[in-house]
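Q: Could you take a close look at one part of this protein with me, and then place that part in its wider setting?

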Amino acid sequence: MLDGTVFFRFVHIIKLDLLMLGLDNACNFVRNNRHMKVKFLAEKVESYDDFQVSLAAGFELFQGYYFSRPELLKRRKVAPSELTTIQLLQAVSAEPVNFTNIEMIISSDVSLSYLLLRYVNQTNRRLVDPISSFHQALVYLGEEKLRMFVGVVATAHAALDKPKELYALSLQRAKMCEILASYIPLVVLEQQAFLAGMFSLLDALLDSPLAELLMLLKLQPTIQAALLHREGELGKVLNLVDAFDKADWQQVTLECHQLGLSEKQVQDSYLQAIAWAEKCAQIDNLS
């Protein structure tokens, strides 16, 4: 009988199903094959403990329920440092954006202030003189780029104690929702779709019920209904992204039909979202 390991030199990633194999068996396999020049992907990571054990065993890539749901057993209160995150997300959700309010929040946090000025000066090579004031930086960015900056940085702050994959997934879902919304004119606003995608994993990032967090954010009713109850066209967009994340292709087809989208549009939005999320990581790396 042919030994399957002879094919390992032709692959770059080996995916192991933790539920099917069992956590111990999967981890033992990785430990015994660490010499191989491949990356091991843990599939169906269901809990924080699963993630920690598989990470310690040598897994480098992860998929599963844990990365899209909060650790409800903690039910911790939002820490004072995270209130800044909530305040920023609330301010950037306003229509129109209140630049004065955002300036006040950012100027009260040294790390955010530094990050904002450095981001604007490093990403705008055409500037003759460096921007040196918060108000000038915010106005220069404009609403669209400001929403992106605040969303990315605030989500990164919320994800400090979380796997980077969860942070990246939040950004990816935000952009994917925005792109999908662009294919549905006059029905779903792209900015609302971006915020809905960004906030769809906020409960997992902050380990608090989403309903409680949304009360703090005071979002527009359309976004809140979509996030909590998957209502309206925006709720259908979130359902589509959920189905795509879970590789539930039958549900993807159904949601596409309801929204009048093609499956190619969904695939394209996914690829564009991944590329955008990778660029966003450069913002986070500035700190």
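Which residue stands opposite Leu61 in E3?

A: Happy to take a look! Leu41 is the residue that stands opposite Leu61 in E3. Before going on, a word on the model: it is predicted, so to speak of local features a pLDDT of at least 70 is needed, side-chain atom pairs count only at pLDDT 80 or more, and totals for chains, interfaces and linings use all residues. Residues are numbered from 1 along each chain as its sequence is written, and side-chain values use heavy atoms, with hydrogens and water left out.

Now to the sheet itself. E2 and E3 are joined in the parallel sense over 2 bridges; two strands count as paired if DSSP finds at least two bridges between them. With E1 added, 3 strands make an open sheet in the order E1-E2-E3, and the pairing is parallel. Its edge strands are E1 (13-17) and E3 (61-62), each of which pairs on one side only. Helices (H or I, at least four residues) and strands (E, at least two) are DSSP runs, numbered from the N terminus.

Following the chain out of strand E2 (39-43), you come to Lys44, in the loop between that strand and helix H3 (48-57). Lys44 has a phi near 65°, a positive value in a residue other than glycine. Its relative accessible area is 37%, so Lys44 is partly exposed; buried means under 20%, exposed over 50%, and partly exposed in between (1.4 Å probe, protein chains only). Arg230 also has a positive phi, of about 55°, although it is not a glycine. That residue sits in the loop between helix H12 (221-229) and helix H13 (232-245), and at 24% relative accessibility Arg230 counts as partly exposed.

For the wider setting, the protein has 15 helices and 3 strands. In helix H9 (residues 190-199), 8 of the 10 residues are buried, so this helix is largely enclosed by the rest of the structure. Among the buried residues of H9 are Phe194, Leu195, Met198 and Phe199. Over the protein, buried residues make up 47% of the 287 residues. Cys27 is one of the buried residues, with a relative accessible area of 1%, and Cys256 counts as buried at 3%. The structure holds 0 disulfides, a disulfide being a pair of cysteine sulfur atoms within 2.5 Å.
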